[in-house]
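User: I am new to this structure and would like a short guided tour. Could you take me through it step by step?

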Amino acid sequence: MSPSSKRIAAVYDQVLARNPGEAEFHQAVKEVFDSLDRVLTRFPEYAEESILERICEPERQIIFRVPWTDDHGRVRINRGFRVQFNSALGPYKGGLRFDPSVMLGTVKFLGFEQIFKNALTGLPIGGGKGGSDFDPKGRSDGEIMRFCQSFMTEAYRHIGSSVDVPAGDIGVGAREIGYLFGQYKRIANRYEAGVITGKGTSWGGSLVRTEATGYGAVFFTEHMLKANGRGLDGARVLVSGSGNVAFYAIEKIHALGGLVIGASDSSGAVHDPQGIDLDVLREVKQVQRARISEYAQQRDSAEFIGGRSVWSVAEKHRVDVAMPCATQNELDDDDAKLLLKAGVSAVVEGANMPTTPAAIDRLRDAGTLFGPGKAANAGGVATSALEMQQNSIRDSWSFEYTEARLAEIMENIHARCAGTAEDYGVPRDYVAGANIAGFTQVADAMIAQGVI
Ligand code: NDP
């Protein structure tokens with residue numbers, strides 16, 4: 001074992017001991033640490049300055065009670081979180097997730113990933129994340145509004161356009177952002193548009209923000225494929241999920257000539273050999289807020305596969321590209337085996353940490369191109385940063401201009417990951433490229449800013 005690997009292993013043991021029961025956080029840290037041996041050997045100052053230890057410890061963690069009243073007059077209690085992980089590059093920036101599975105370890109894993117993702121965008125934003133174990137499913141608009149108002153009644157003390165700027169994530173879309181911003185404005189008594197991103201486009205939001213994560217992930221995929229002599233044109237693609245990221249990923253894949261033959265939600269998947277019809281999907285998931293089985297009811301060419309993931313489509317059909325766009329650890333080793341048998345040549349993460357470590361190892365060993373979420377899905381936060389820029393100069397840019405900025409950012413992220421991987425002797429290893437490029441940028445800023 002080299003001195004660098006020994007140091008990394010020792011710090012990882014400390015992370016396990018200091019953060020018990022936070023399996024997802026451990027997984028996210030390990031994934032980054034696994035790329036850093038070469039970096040610490042080349043730059044011993046990162047170890048001398050205890051950057052590994054510092055970067056794993058959030059600058060601030062806020063946990064608070066969120067009381068609200070349901071439609072029957074019953075008082076409900078949820079738990080709210082905001083983890084302000086690292087501000088070396090700018091104000092903390094990262095979304096809010098409302099889902100019953102959310103606990104401190106979830107928010108820490110997402111916040112940790114966010115530090116490096118935000119660095120990769122090349123924009124001045126630090127890393128943070130937040131959320132609640134509140135379940136928005138089946139709640140009325142009134143209940144959602146009261147919950148969001150209560151959440152913000154505490155959160156407003158900790159955020160601000162130069163301090164910490166939340167946005168959406170799972171369970172937090174345009175409706176929730178509206179209620180959260182409204183309450184912030186009421187309490188703070190000022191119209192501080194840059195305090196939150198993902199706003200409605202008529203009141204300070206940026207065009208393309210809604211589409212940005214899905215579009216950006218597809219731009220990244222196209223660059224990755226092109227760099228390796230292929231492209232999305234004619235590719236058969238599976239996309240998991242049918243929420244914000246999945247929906248716009250499907251739209252852009254179709255625009256670039258690919259065919260998405262499967263999508264899913266938490267109740268099952270649909271296989272549609274003629275390609276997912278976005279009008280039907282929009283009606284089912286965004287208008288009716290129904291289960292994905294309804295898609296198969298409304299579309300003759302589609303079949304519903306209840307209780308199984310979208311990767312099961314690969315049992316019987318050729319698949320060229322897989323894009324997990326739903327949630328963490330949704331593509332495991334068995335799924336990777338299935339995809340490899342079906343001929344997959346690229347897997348790109350639209351979601352955060354959707355591929356298990358064993359599945360990543362299997363795919364990389366088989367020579368499959370693998371685009372990690374912290375690079376591939378960075379288009380969402382990058383466009384949030386563009387929203388902050390527009391807010392600060394009180395301007396709003398056209399769709400075309402903003403999409404062109406997004407496309408340029410994704411091209412740069414791809415080039416940075418590919419170039420860094422090459423520089424460190426692991427060409428085509430986008431995981432190592434993303435981790436090393438993000439880490440070194442944040443580490444250099446931390447050293448420059450002293451021991452704080
Ligand atoms: P949404 O809430 O809009 O959509 C999530 C989708 O995933 C829904 O279709 C949901 O189904 C589905 N889903 C949840 N759990 C499972 C599961 N176990 N199996 C299959 N499907 C499941 O969230 P987003 O699209 O915004 O986020 C998706 C992922 O992308 C998350 O990991 C998020 O952190 C990440 N991300 C999002 C960004 C953004 O800008 N929105 C930016 C960067 C990353 P159901 O309808 O049944 O709940």
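User: Let us begin with α8. Which residues are exposed on its other side, away from the buried ones?

Analyst: A174 and R186 are exposed there. Exposed means over 50% relative accessible area, buried under 20%, and partly exposed in between, with a 1.4 Å probe and protein chains only. Helices (H or I, at least four residues) and strands (E, at least two) are DSSP runs, numbered from the N terminus.

User: What kind of model is this, and how are residues numbered?

Analyst: This is a predicted model, in which local features need pLDDT of at least 70, side-chain atom pairs count only at pLDDT 80 or more, and totals for chains, interfaces and linings use all residues. Residues are numbered from 1 along each chain as its sequence is written, and side-chain values use heavy atoms, with hydrogens and water left out.

User: Back to α8, then. Which of its residues are buried?

Analyst: E176, I177, L180, F181, Q183, Y184 and A188 are buried in α8. They lie on the same side of α8, because they cover an arc of only 165 degrees around the axis; the arc is that of the directions from the helix axis to the C-beta atoms.

User: Why would residues spaced like that point the same way?

Analyst: An α-helix has 3.6 residues a turn, so residues three or four places apart point the same way.

User: What covers that buried side?

Analyst: The cover includes β3, α7 (141–155) and β5, where contact means heavy atoms within 4.5 Å. Just after α8, N189 takes a positive phi of about 60 degrees.

User: You mentioned β5. Which of its residues are buried, and how do they sit?

Analyst: Strand β5 covers residues 164–167. D164 and P166 are buried on one side, and V165 and A167 are buried on the other. Strand β3 (residues 92–98) runs parallel to β5, and four bridges join them; two strands pair if DSSP finds at least two bridges between them. In β5, A167 is the bridge partner of G95.

User: Changing topic: what about α11? Which side is buried?

Analyst: Helix α11 spans residues 278–287, and its buried residues are L278, V280, L281, V284 and K285. Their arc around the axis is only 155 degrees, which puts them on the same side of α11. They pack against α10 (244–255), β7 (259–265) and α12 (293–298). D279 and V287 are exposed on the face turned away from that buried side.

User: And what happens at the ends of α11?

Analyst: D277 caps the N-terminal end, with a side-chain oxygen 2.9 Å from the backbone nitrogen of D279. Just after α11, R289 has a positive phi of about 50 degrees.

User: Which residues does UniProt list for "binding site"?

Analyst: The unreviewed UniProt entry lists T213 and N244 under that name. They span 32 residues in sequence, yet no two of their C-alpha atoms are more than 8.1 Å apart, so they gather at one spot. Such annotations may be inferred rather than shown by experiment.

User: Are those two buried or exposed?

Analyst: T213, in helix α9 (residues 209–227), is buried, with a relative accessible area of 9%. N244, in helix α10, counts as partly exposed at 38% relative accessibility.

User: What does T213 touch?

Analyst: Not counting residues up to four places away in sequence, T213 touches V245, G350, N377, G379 and G380.

Methods: A polar contact is a pair of N or O atoms within 3.5 Å; within protein, one must be able to donate a hydrogen and the other to accept it, and residues adjacent in sequence count only if both atoms are side-chain atoms.
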